[in-house]
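Here is a quick walk through one chain, from its overall dimensions down to a handful of single residues. Keep the 3D view open while you read.

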Amino acid sequence: MFNIIKKLMMARQINLEEGYVTILGQPVVIQPLTTWITLQRKLEKTNSIDVIYTTAKEAATSWIMGLKKSNNMTTSQLVEWGVNTMSFAGWGRTEIVNYDQQNKRAILHIRDSTFAKAYGRSEDPVDHIKRGFLAGSGCVYFNDNVDCVETKCISCGAGVCEFVVKRTSEFEDSALVKKQLGLKKK
Ligand SMILES: [Zn+2]
């Protein structure tokens, strides 16, 4: 992971000015993790998790589109940078388990999800921000509208968080899918 940062610094792709930070030409801010946990807990009270998911999805689409335009990256380079960004931004070690460009599907694992660890135990998967990031970046990689469901989460006792990305219509109509994408699909 330090290699990535080293590479970015050497290529002058991380810019740290007082009050203004950019990575690969795009502005970023560093927030305490508790910001997102507090926001999610507030939204859970009103059944509004969709706000987090769709916001992260739109932000990721914009981030990956920005990389594509300003750095002339190929799709495989974009996928690599998308995954690397998730990891070095501190969300947990992100790994691609399966990637199928033709059928527009992917399965990813996030090990030691920092968000889930800080959130604590839960009956349902909690990594809605990451679902949104993966869905939004998937929309650019696959040039289609895809969504993401977290099928396993360490907050529910799993050993790893698992995310499935595919076209919205291809998700089965299960209770889990309804909970995570239900608000969007109605
Ligand atoms: Zn999780």
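The chain has 186 residues, and a compact globule of that length would have a radius of gyration near 16 Å; the chain comes in at 16 Å, so the two agree. Keep in mind that this is a predicted model. If you want a box for it, the C-alpha atoms fill roughly 45 × 40 × 30 Å along the principal axes. As for burial, 28% of the 186 residues count as buried. Take the contacts between residues at least 6 apart in sequence, and 53% of them join residues at least 24 apart.

**Layout**

Seven helices and seven strands make up the secondary structure. Read from the N terminus, the order is α-β-β-β-α-α-α-β-β-α-α-β-β-α. The domain assignment splits the chain into domain 1, residues 1–30, and domain 2, residues 42–185. Between the C-alpha centres of domain 1 and domain 2 there are 23 Å.

**The core and helix 6**

Which residues sit at the hub of the largest nonpolar core? Leu134, Cys148, Phe163 and Val165 touch the most other members, out of 33 residues in that core. At least two core residues each come from helix 3 (49–71), helix 4 (75–91), strand 5 (105–111), helix 5 (114–119), helix 6 (128–142), strand 6 (146–152) and strand 7 (161–167). Helix 6 gives the largest share, with eight residues.

Cys148 is a handy place to zoom in. Skipping its neighbours within four places in sequence, Cys148 is in contact with Arg131, Leu134, Ala135, Gly138, Phe163, Val164 and Val165. That list includes Leu134, Phe163 and Val165, which are also among the residues that touch the most other core members.

How well covered is helix 6? Mostly: 15 of its 15 residues are buried. Its geometry is regular too, in the sense that 15 residues at 1.5 Å each should span 21 Å, and the end C-alpha atoms are 20 Å apart, which agrees. Right after helix 6 comes Asn143, with a positive phi near 50°.

**Helix 2 and the loop after it**

Helix 2 covers residues 33–45, so to speak, with 13 residues in total. From its first C-alpha to its last it reaches 19 Å, close to the 18 Å expected at 1.5 Å a residue. Asn47 follows helix 2 and has a positive phi, near 55°.

Thr46 is in the loop between helix 2 and helix 3. Is Thr46 buried or exposed? It counts as exposed, because Thr46 has 8 C-beta neighbours inside 10 Å, and the cut-off for exposed is 12 or fewer. To place Thr46 against something in the chain, try Ala116: the two are 70 residues apart in sequence and 20 Å apart in space, C-alpha to C-alpha.

**Two hairpins**

Both of the pairings below run antiparallel, and here they are side by side.

| Strands | Bridges |
|---|---|
| Strand 1 (residues 14–17) and strand 2 (residues 20–23) | four bridges, antiparallel |
| Strand 4 (residues 93–100) and strand 5 | seven bridges, antiparallel |

In the pairing of strand 1 with strand 2, Ile14 stands opposite Ile23 in strand 2. Two residues lie between these strands, and Gly19 in this hairpin takes a positive phi near 85°. Over in the other hairpin, Arg93 has Arg111 of strand 5 as its bridge partner. Four residues separate strand 4 from strand 5, and Lys104 in that hairpin has a positive phi near 55°.

**Positive phi outside glycine**

Lys104 deserves a second look, as a residue other than glycine with a positive phi, near 55°. Its place is in the loop between strand 4 and strand 5. With 18 other C-beta atoms within 10 Å, Lys104 is partly exposed.

Leu24 is another residue other than glycine with a positive phi, near 50°. You will find Leu24 in the loop between strand 2 and strand 3 (26–28). Why does Leu24 count as partly exposed? Because 18 other C-beta atoms lie within 10 Å of Leu24, while a buried residue needs 20 or more and an exposed one has 12 or fewer.

Note on methods. Residues are numbered from 1 along each chain as its sequence is written. This is a predicted model: local features need pLDDT of at least 70, side-chain atom pairs count only at pLDDT 80 or more; totals for chains, interfaces and linings use all residues. Domain bounds come from an automatic or database domain assignment. A nonpolar core is a set of buried Ala, Val, Leu, Ile, Met, Phe, Trp, Tyr and Cys residues joined through C-beta atoms within 7 Å. Two residues are in contact if their C-beta atoms, placed from the backbone, lie within 7 Å. The expected span of a helix is 1.5 Å times one less than its number of residues. The radius of gyration is taken over C-alpha atoms; the globule rule is 2.2 Å times the number of residues to the power 0.38. Two strands pair if DSSP finds at least two bridges between them.
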